[in-house]
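Here are some exercises on how helices and chains sit against each other. Try each one with the structure open before you read the solution.

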4 protein chains.
Amino acid sequence: MDKKIKFGIIGLGTMGKIHLQNLQNRIKTAEVAAVCGRTPEKVEKVREEYNIPYGFTSVDELLAFPELDAVVIATGADAHKEPVLKACAAGKHIFCEKPLAKTLEDCKEIEAAVKENAGKCFTVGFMRRFDPSYAEAKERIEAGEIGVPIMYKGSSIDPAEVLPDHLEGVKNGIYVPWFIEMGSHDTDLARWFLGSEPIKVHAYGGAYVCKELAAYDDYDNGASLTAFDNGTMAYIQVGRTGTCSHVESEIVGTKGTLRVNHVPRRNYLSALVAEGHLEACQDSFISRWSEAFFKEMDDFVECIINGRKPQVTAYDGTMSLEFCLKLHQAYLEGKENE
Amino acid sequence: MDKKIKFGIIGLGTMGKIHLQNLQNRIKTAEVAAVCGRTPEKVEKVREEYNIPYGFTSVDELLAFPELDAVVIATGADAHKEPVLKACAAGKHIFCEKPLAKTLEDCKEIEAAVKENAGKCFTVGFMRRFDPSYAEAKERIEAGEIGVPIMYKGSSIDPAEVLPDHLEGVKNGIYVPWFIEMGSHDTDLARWFLGSEPIKVHAYGGAYVCKELAAYDDYDNGASLTAFDNGTMAYIQVGRTGTCSHVESEIVGTKGTLRVNHVPRRNYLSALVAEGHLEACQDSFISRWSEAFFKEMDDFVECIINGRKPQVTAYDGTMSLEFCLKLHQAYLEGKENE
Amino acid sequence: MDKKIKFGIIGLGTMGKIHLQNLQNRIKTAEVAAVCGRTPEKVEKVREEYNIPYGFTSVDELLAFPELDAVVIATGADAHKEPVLKACAAGKHIFCEKPLAKTLEDCKEIEAAVKENAGKCFTVGFMRRFDPSYAEAKERIEAGEIGVPIMYKGSSIDPAEVLPDHLEGVKNGIYVPWFIEMGSHDTDLARWFLGSEPIKVHAYGGAYVCKELAAYDDYDNGASLTAFDNGTMAYIQVGRTGTCSHVESEIVGTKGTLRVNHVPRRNYLSALVAEGHLEACQDSFISRWSEAFFKEMDDFVECIINGRKPQVTAYDGTMSLEFCLKLHQAYLEGKENE
Amino acid sequence: MDKKIKFGIIGLGTMGKIHLQNLQNRIKTAEVAAVCGRTPEKVEKVREEYNIPYGFTSVDELLAFPELDAVVIATGADAHKEPVLKACAAGKHIFCEKPLAKTLEDCKEIEAAVKENAGKCFTVGFMRRFDPSYAEAKERIEAGEIGVPIMYKGSSIDPAEVLPDHLEGVKNGIYVPWFIEMGSHDTDLARWFLGSEPIKVHAYGGAYVCKELAAYDDYDNGASLTAFDNGTMAYIQVGRTGTCSHVESEIVGTKGTLRVNHVPRRNYLSALVAEGHLEACQDSFISRWSEAFFKEMDDFVECIINGRKPQVTAYDGTMSLEFCLKLHQAYLEGKENE
């Protein structure tokens with residue numbers, strides 16, 4: 001309890017704040033010593049709101065701060081490499097948001113730097129693995145409950161309300177295409193559950209609702225089929241025209257099937273209304289995954305304290321991205337042939 | 001297949017027509033030879049629509065028709081006794097709608113007449129026993145799946161849309177109070193599942209939505225608690241201000257619990273809509289119980305053909321009514337004490 | 001009611017008997033006048049059990065029977081063409097089981113013969129369209145409830161118990177590969193819901209559990225991705241190593257999503273048991289689809305009586321098969337490349 | 001963040017430890033400065049495990065510790081009064097576990113002492129009000145979503161595994177009868193949702209499975225019906241022979257119905273197994289309510305910091321107990337009449 005792990009948060013968007021709140025308000029063995037963002041006003045505002053001692057607008061300054069034990073890198077996917085390399089050089093523990101980077105080259109550079117900094121913890125924010133339902137699914141599969149897994153099915157769908165923001169992000173180059181941005185979770189889960197790597201990939205989709213996305217080789221819905229090295233399969237679907245924040249997975253085994261969130265319920269409440277029996281759904285990914293976000297960070301802090309190696313590695317980040325890029329490429333090829 | 005059981009239908013309201021349709025359109029071993037109603041126009045209309053040879057406005061005339069094997073009595077609860085007594089005297093097989101009668105005296109008279117006509121089949125229309133889910137529940141309980149049953153919980157709720165019609169029926173003396181009209185199903189099920197008779201009864205409720213019902217000692221919602229002779233219990237709730245036609249039952253045993261229609265789904269369809277995950281509910285009792293109505297009549301015809309005794313007896317009709325009357329009486333006493 | 005449509009049943013396996021029972025026991029406007037099977041003993045047994053006037057072992061003899069109005073062809077997929085052509089020549093109404101045939105050439109011959117016999121009704125047994133949940137889904141989509149459909153997802157899985165029989169059938173050449181045998185339903189539904197034809201198809205799978213199937217180019221699980229002419233997509237999964245008879249569909253639209261049988265419940269019954277909350281599933285396709293089988297045949301008889309054209313045409317049978325063959329071919333190509 | 005609220009924990013059983021863990025490991029604005037238990041070994045063990053500065057075996061000693069801001073009283077129901085009175089005299093903030101006491105006299109004494117200490121926060125541990133689903137239900141009811149509430153239905157059932165421990169507790173006088181011990185939650189919820197107090201109560205039940213309970217006027221299952229002052233009703237059922245930890249509530253309004261935990265799911269995971277579709281249930285109340293336990297304590301600490309009055313008052317504790325005692329008394333009278 002006495003010595004707390006001191007964190008610096010790099011990137012103060014939605015994800016940066018989620019991690020900041022968990023570290024500062026929930027995890028007693030950690031504290032946020034400094035935050036770093038692009039605009040001085042934002043940095044100052046966050047610093048005051050969360051009672052953080054220091055605020056910076058440069059990663060170098062933040063890393064120069066000697067007391068810092070660890071950093072959370074929550075910048076955009078294209079801005080992960082630089083802070084990761086620097087934080088590795090500075091010998092910090094590193095929690096990096098997913099996707100690890102936007103290109104495989106960047107991923108490889110990150111992997112190399114992480115290897116140099118091997119005495120410290122490094123992980124990528126695939127928080128779904130820490131969600132109690134996914135974690136239990138993994139345990140039960142490993143206990144042989146469904147025989148041998150032969151298929152992973154995952155659908156990750158954002159509500160249509162996100163479209164205007166996403167389109168803006170796509171136009172500004174902040175958002176990577178949807179099979180990469182959203183798909184990175186399912187590509188990680190597919191690899192995790194099937195224990196294999198993808199060899200053949202097919203994908204289709206379209207800018208069905210937000211037609212402007214097409215001009216950026218992006219889309220609002222996509223569906224893909226993947227064959228894995230060990231003969232298993234995956235169906236991965238991504239969308240952002242849903243009625244709610246809806247992430248659903250299924251692992252089909254030779255002896256049974258496990259499903260996560262087959263009905264996207266928000267909590268234990270349901271209602272009988274004029275239209276029927278209604279279960280309110282998750283309105284945003286923040287509420288659906290709040291426990292997973294807490295648990296992944298809690299686990300990361302505990303890894304630092306106990307010198308344990310985090311479950312999700314930089315290599316997982318690379319392989320997930322490679323799979324995402326394949327899906328996106330397959331989508332583009334599907335479009336070309338039309 | 002050659003000789004068909006010839007039915008006469010007495011009473012051409014909703015229930016009379018349901019039975020008519022099953023006998024005439026679905027059950028190949030039966031046919032409707034005659035219908036009987038109060039108004040000549042209605043009789044003629046039904047006769048033509050369903051291609052029935054004969055139509056009458058008097059039960060005596062219908063029963064005088066020599067070829068008739070069986071009758072369905074689907075008049076109002078207060079008009080069951082007379083046709084049952086006459087049909088017994090005429091030696092017909094009899095299917096009588098529930099509740100058997102409005103008073104215990106009438107029930108006893110009916111029981112006596114049925115005993116005199118013992119060579120023929122007699123049953124009361126507790127169709128829920130023939131619903132595949134209830135039938136399976138009974139089988140699984142008898143197989144010991146939930147240990148010894150200790151409690152029956154049943155809620156039978158009509159949608160609020162029925163209120164204007166019901167109020168009219170109550171004013172005209174056609175409808176008996178709700179613990180009797182609607183409650184007769186759950187009182188039968190409680191007796192059936194618990195294998196015992198009620199000894200102490202408490203009930204509350206009120207005319208919460210349709211306040212005019214109060215002037216007729218009637219109510220739109222009621223809840224009751226009953227202690228049974230064998231130490232078991234029942235909770236029976238009746239309502240008619242629901243959002244859908246909703247009948248839900250639970251049988252709690254010493255080793256497990258069975259539930260029927262815990263979520264009042266209409267079919268296998270569900271939808272993701274703006275408000276959440278929506279399962280359309282049963283809009284009327286007719287759709288919910290159409291299979292049960294068919295099966296109970298199919299079973300009755302088969303009883304006639306094979307000389308088998310129907311499962312539901314006149315005694316069940318009497319005991320169900322006695323239980324209903326106790327519930328209604330308990331409700332009235334609860335009100336008095338207020 | 002007076003004149004009944006007289007049917008002949010060709011093929012007395014599971015499907016032949018389901019149709020026979022509906023026609024003989026449930027549909028009052030029809031009757032089975034003759035049955036036709038390969039072995040005289042089987043024919044005689046069925047004839048007696050269901051009280052059928054005539055039994056034959058040759059289609060020609062059956063069709064020579066002058067009073068026959070209609071035939072049900074429920075032989076194996078490879079034995080549909082001959083009786084369809086003959087029944088067309090004999091001017092009968094024809095209900096043919098799915099898949100329409102095993103090859104596109106046979107389908108085309110059938111289509112031509114059906115065109116010659118255009119005054120009579122012809123349909124293919126895609127009974128799912130008559131299931132109340134699928135029928136309601138179609139209606140609600142056409143009413144615009146989910147905007148424009150962009151994707152069909154369908155999983156059709158038989159329980160593992162079927163494997164020994166299926167392997168035997170595959171060895172004997174009775175069963176066509178699984179994307180054709182089982183997939184024909186989902187290919188029909190995908191076309192129906194999306195209103196378009198497939199243009200690109202990918203499929204993977206394997207003989208994961210019943211490894212002997214591989215020797216026959218068959219498999220126990222398969223998953224596929226299809227791009228349609230109008231830019232929509234379909235995911236079709238077939239299996240026969242499930243824990244129950246499980247058919248689940250989802251239609252994703254631009255404004256909402258409809259799901260059919262998302263949880264494969266058998267009826268309204270659920271149980272609280274030591275392992276959790278348990279809903280018994282469909283143990284066989286017969287119970288899941290009994291109402292659909294009845295409704296499709298009831299509708300066919302009504303088409304004959306009223307001279308209405310059945311919804312499912314020979315062309316639908318051809319196009320569904322073409323789609324199935326593509327899926328199977330894609331599966332084989334996926335295997336080759338391994 | 002600088003000054004933390006210093007807590008003393010009195011009582012180191014299951015509940016004491018849950019609160020200790022939340023205060024010590026999760027809530028950054030609080031810390032546990034001292035623990036107090038009956039046996040020195042237990043105190044020492046907990047002190048070391050959770051890194052607590054001080055341990056005591058006497059409440060007086062703990063309260064004499066000057067830095068203490070607040071206490072959590074988590075002793076048995078019969079041992080609440082003394083520490084509450086002393087903590088009030090010492091001017092501490094007090095969180096007391098439910099039920100407030102075993103007798104109404106003790107409750108009244110506590111209420112008086114709390115009034116004397118009015119400058120400090122006092123609350124009773126009805127954590128269900130802090131469960132996100134119950135909290136949302138309350139909000140939606142207050143927003144008028146279901147019209148006027150007319151009925152509360154609550155079932156609170158422990159798994160049968162608890163029976164041996166409970167019997168031991170009952171024999172040792174630690175456990176109060178089940179309508180009081182378990183029922184206190186539902187009596188609080190019924191009052192909260194209906195906004196009224198009970199006037200007439202009926203209850204039945206029995207020692208159906210653990211027959212030894214009967215000798216102590218206790219029971220393993222009970223069901224009750226209550227009429228409220230404002231004409232509303234409640235059905236409260238308590239059990240401890242369930243297959244899982246199962247708490248289910250329903251609030252019926254004039255325009256709709258809300259349900260909490262209608263199916264007692266553990267998380268988002270479900271499985272297709274040989275027996276059907278299985279959703280694992282809550283195995284203990286600890287997992288079901290962990291979030292509620294955290295939120296109620298988090299809210300209490302925040303009340304202390306901001307000088308806000310806790311929602312649940314000593315009066316609520318008294319009235320909940322009075323309701324429980326009525327239910328238990330009604331049960332005993334029901335038994336007597338048998």
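**Exercise 1: a pair of helices**

In this predicted model, helix α4 (residues 81-89) of chain A packs against helix α5 (residues 104-116) of chain A at an angle of about 15°, and their axes are 9 Å apart. Work out how the two helices are oriented, and what kinds of residues make the contact.

*Solution.*
- Step 1: Start with the angle. Angles under 35 degrees count as roughly parallel, so α4(A) is roughly parallel to α5(A).
- Step 2: Now the handedness. The crossing of α4(A) past α5(A) is left-handed.
- Step 3: List the contact residues. From α4(A) you get A:Lys81, A:Val84, A:Leu85 and A:Cys88, and from α5(A) come A:Asp106, A:Glu109, A:Ile110, A:Ala113 and A:Val114.
- Step 4: Sort them. In the contact of α4(A) with α5(A), six residues are nonpolar, three are charged and none is polar.

**Exercise 2: another pair**

Helix α6 (residues 132-142) of chain A and helix α9 (residues 183-194) of chain A have axes that come within 10 Å and cross at roughly 25°. Do the same job for this pair: which residues make the contact?

*Solution.*
- Step 1: Check the angle against the cut-off of 35 degrees. The crossing is roughly 25°, therefore α6(A) and α9(A) are roughly parallel to each other.
- Step 2: Pick out the residues. α6(A) brings A:Tyr134, A:Ala137, A:Lys138 and A:Ile141, while α9(A) brings A:Leu189, A:Trp192 and A:Phe193.
- Step 3: Sort them again. The contact of α6(A) with α9(A) has six nonpolar residues, one charged and no polar ones.

**Exercise 3: matching chains**

Turn chain D by 180° with a shift of 0.0 Å along the axis, and it can be laid on chain A with an RMSD of 0.0 Å. What relation is that?

*Solution.*
- Step 1: Put the turn and the shift together: this is the relation of a two-fold axis.
- Step 2: Look along chain D for the C-alpha nearest the axis. That of D:Arg26 is the one, 2.6 Å from the axis.
- Step 3: Compare the contact residues. 100% of those in chain D recur in chain A, and the same surface serves both copies.

**Exercise 4: an annotated stretch**

The unreviewed UniProt entry carries the annotation "domain: Gfo/Idh/MocA-like oxidoreductase N-terminal" for residues 5-125 of chain A. Describe the make-up of residues 5-125 of chain A.

*Solution.*
- Step 1: Residues 5-125 of chain A are 42% helix and 22% strand.
- Step 2: The end C-alpha atoms of this stretch are 18 Å apart.

Terms used. Residues are numbered from 1 along each chain as its sequence is written. Chains are lettered from A and ligands numbered from 1 in the order in which they are written. This is a predicted model: local features need pLDDT of at least 70, side-chain atom pairs count only at pLDDT 80 or more; totals for chains, interfaces and linings use all residues. Side-chain values use heavy atoms; hydrogens and water are left out. Axes are lines fitted to C-alpha atoms, for helices over the stretch in contact, and angles run from 0 to 180 degrees between N-to-C directions. Helices (H or I, at least four residues) and strands (E, at least two) are DSSP runs, numbered from the N terminus. Angles under 35 degrees count as roughly parallel, over 145 as roughly antiparallel, 65 to 115 as roughly perpendicular and the rest as oblique. A crossing is left-handed if the near helix is turned anticlockwise from the far one by less than a right angle, and right-handed if clockwise. Contact means heavy atoms within 4.5 Å. Ala, Val, Leu, Ile, Met, Phe, Trp, Tyr, Cys and Pro count as nonpolar, Asp, Glu, Lys and Arg as charged, and the others, Gly among them, as polar. Copies are superposed by least squares on the C-alpha atoms of residues with pLDDT of at least 70 in both. UniProt positions are given in the numbering used here, feature names are shortened, and annotations may be inferred rather than shown by experiment.
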